[in-house]
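Me: I would like to learn how to read a few features of a structure, one at a time. Could you give me the general idea first and then the case at hand?

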Amino acid sequence: MAKGQGQLRHQVISRSLGQAPCLLFVGGGAAVLLLLQTMTLNGSVPASRTSSGTAASPANGTPEKAINVSASESSATPVSSQSVNVKTYGAVGDGVANDTAGFTAALNELTKAGGGVCVVPKGTYRISASGITSGHIAAVSSGVHLRGEGRGESVLKVDGMPTNHFLQCVGDNWSVENLTFDMGDHTPLSIGFAAITCRGDNWRVANCAFVKSGRWAIQSYGGSNWSIEGNYIKRTVPGATPPTGAILVTAQQGIWSRHGHVIGNVCEGVGITFSGDDGIIAGNRISGSGSGSGIFVQGAPSTHAPTISGNNCSNGRSGYDAAQSGKWWSVNGFEIWAADSVIYNNVAHDNDGGGFAIGGQNSIVIGNKAYNNGRGRRGYAGFNARINLAKGTSASHSIFIGNTSYDQDFGYKEQGNGLSDIKQIGNDYKRNRIGPAKSFSAGGQTPISPDMKSKLKALTENPDLPDNVRRAVRQCLAQ
């Protein structure tokens with residue numbers, strides 16, 4: 001099978017790091033191998049199977065089911081055999097009746113029983129603007145699994161401007177799958193309400209659609225070994241005042257996430273913001289983000305050693321950026337500030353800002369492609385090494401191998417004085433408007449650390465990387 005043709009291929013990774021082995025199935029093509037996680041993860045993760053294709057938006061606004069993630073074996077598999085149907089508890093699903101009480105009653109029944117499956121048949125269910133549950137009360141709790149009949153089939157629709165989070169999920173071993181959330185493009189100005197909020201460990205949000213997504217589609221707070229996979233998220237109102245996003249991964253009472261997976265999601269008009277340790281951001285496709293970056297990964301102290309692979313960020317539009325004191329700013333494809341990041345096989349193109357902005361020390365940037373970025377203003381590059389003296393972070397001691405950058409002003413650029421020891425091996429920066437590179441650092445002088453060598457060695461065995469890139473990695477290891 002030819003590489004990169006999007007045909008389904010599975011890589012089975014077995015882990016036994018203090019727990020029972022866990023099998024992780026990862027599709028080939030855009031949903032890339034997660035080979036490096038054999039070194040960076042400590043513990044089991046929800047198993048998933050991701051198939052990637054082209055996701056279109058038909059005229060009726062229902063997303064194509066181009067990325068399908070099966071409800072395969074995982075830590076979010078139901079342990080209770082009890083099943084309830086929201087219609088049994090009074091929900092109608094005709095798009096007219098208010099069905100909030102029916103959902104609340106059905107989910108409460110499962111909470112009292114200690115878990116089970118809540119079935120949402122085909123239909124359109126109006127839910128009050130105050131959400132399925134009020135205040136900070138969980139709708140989906142430990143062991144509860146809310147399941148529809150498929151995206152575009154089982155639709156939950158907010159009834160007006162949200163005054164609370166729509167669906168609050170708190171606990172361990174829960175899931176939300178195969179539903180559509182219609183948030184009506186309502187965007188509260190003062191509070192960032194979301195369609196789904198997620199707290200706890202070993203949970204999954206999969207195969208859902210969020211249309212007219214509003215302020216945020218999914219917010220995740222802390223937790224470990226969870227997965228947001230195969231969802232379709234679309235914001236249809238242009239602009240980003242206040243800032244909006246598709247997926248936000250942040251802290252729960254000062255505790256950041258560990259081993260979180262954001263895999264195979266399609267986001268239109270909004271991007272992904274991630275924080276946490278040893279996370280995976282893979283196989284996502286972001287287009288037309290109007291705030292921040294297509295994929296933004298925070299730095300220390302919140303985030304360390306993420307793997308960012310097989311993502312595509314395109315057509316980022318100039319928009320509101322809170323970090324720029326409320327100015328309208330050019331949107332990058334990727335902006336990654338975490339130390340020890342592994343960034344490979346990603347594509348950034350046609351963004352108003354730069355392609356890749358890298359600001360974390362000891363990062364590995366390998367086999368990525370950037371083209372036709374910097375549409376918003378002059379001076380942008382496909383790959384930008386960054387420094388933030390105020391936060392004590394920079395791209396120093398990072399390595400760039402086998403990357404390709406063309407049709408920007410520069411192929412590579414270092415932004416800010418103080419960067420050092422950035423190694424460049426086998427990159428193609430030649431086909432750009434002003435020049436290949438605009439750099440200031442002294443270049444790579446410090447030997448590669450044992451940890452970085454281990455990660456590079458793993459990448460030489462990764463079949464998703466082109467042969468020429470793997471040769472460049474081997475060249476680096478041989479020096």
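Me: Is strand 31 mostly covered or mostly open, and how many of its residues are buried?

Reply: Buried means under 20% relative accessible area, exposed means over 50%, and partly exposed lies in between, with a 1.4 Å probe and protein chains only; strands are DSSP runs of E of at least two residues, numbered from the N terminus. Strand 31, residues 332-336, is mostly covered, with 5 of its 5 residues buried. This is a predicted model, in which local features need pLDDT of at least 70 and side-chain atom pairs count only at pLDDT 80 or more, while totals for chains, interfaces and linings use all residues. Residues are numbered from 1 along each chain as its sequence is written, and side-chain values use heavy atoms, with hydrogens and water left out.

Me: Which strands pair with strand 31, and in which sense?

Reply: Two strands pair if DSSP finds at least two bridges between them. Strand 26, residues 293-297, pairs with strand 31 in the parallel sense over 4 bridges; S293 has N332 as its bridge partner in strand 31, and V297 has I336. Strand 34, residues 356-358, also pairs with strand 31 in the parallel sense, over 3 bridges, and here F334 has F356 as its bridge partner.

Me: What does strand 26 pair with besides strand 31, and how many of its residues are buried?

Reply: Strand 23, residues 272-274, runs parallel to strand 26 and is joined to it by 3 bridges, with I295 in strand 26 as the bridge partner of I272. Strand 26 is mostly covered, as 4 of its 5 residues are buried.

Me: How should I read aromatic pairs, and how many are found in the whole structure?

Reply: A pair of aromatic rings is described by the distance of the centres and the angle of the planes. The rings of Phe, Tyr and Trp (its six-membered ring) pair if their centres lie within 6.5 Å, and planes under 30 degrees apart count as stacked, over 60 as edge-to-face and the rest as tilted. A search of the whole structure finds 12 such pairs. The rings of F356 and F383 are stacked, because their centres are 4.9 Å apart and their planes stand at 5°. This pair links distant parts of the chain, since F356 is in strand 34 and F383 in strand 37 (residues 381-388), 27 residues apart.

Me: Are F356 and F383 buried or exposed, and which other ring does F383 pair with?

Reply: F356 counts as buried, at 0% relative accessibility, and F383 counts as buried at 0% as well. F383 also forms an edge-to-face pair with F400, 6.5 Å centre to centre and with 90° between the planes. F400 lies in strand 39 (residues 399-401) and F383 in strand 37, so the pair ties together parts that are 17 residues apart in sequence. F400 is buried, as F383 is, and ring pairs link F334, F356, F383, F400, Y412 and Y429 into a cluster.

Me: How do I read a cavity, and which residues line the largest one?

Reply: Rolling a probe the size of a water molecule over the atoms shows where empty space is left. On a 1 Å grid over the protein atoms alone, a cavity is a set of points where a 1.4 Å probe fits but cannot get out, and lining residues have an atom within 4 Å of a point; grid points are joined across faces, edges and corners, and a volume is the space filled by probe spheres set on the points. The structure holds 4 cavities of 30 Å³ or more, and the largest has a volume of about 50 Å³. Its lining residues include P162, M183, H186, F193, R215 and W216.

Me: Where does the backbone depart from the common pattern, beginning with the cis peptide bond?

Reply: Most residues other than glycine have a negative phi, and most peptide bonds are trans. A cis peptide bond joins A300 and P301, with omega about 5°, and P301 is found in the loop between strand 26 and strand 27 (307-309). D340, which is not a glycine, has a positive phi near 60°; D340 is placed in the loop between strand 31 and strand 32 (342-344) and is buried, with a relative accessible area of 17%. N362 likewise is not a glycine and has a positive phi of about 60°; N362 lies in the loop between strand 34 and strand 35 (364-366) and counts as partly exposed at 30% relative accessibility.

Definitions and conventions
1 Å grid on protein atoms, 1.4 Å probe; cavity = no way out; pocket = protein on both sides within 12 Å on 5 of 7 lines; lining within 4 Å.
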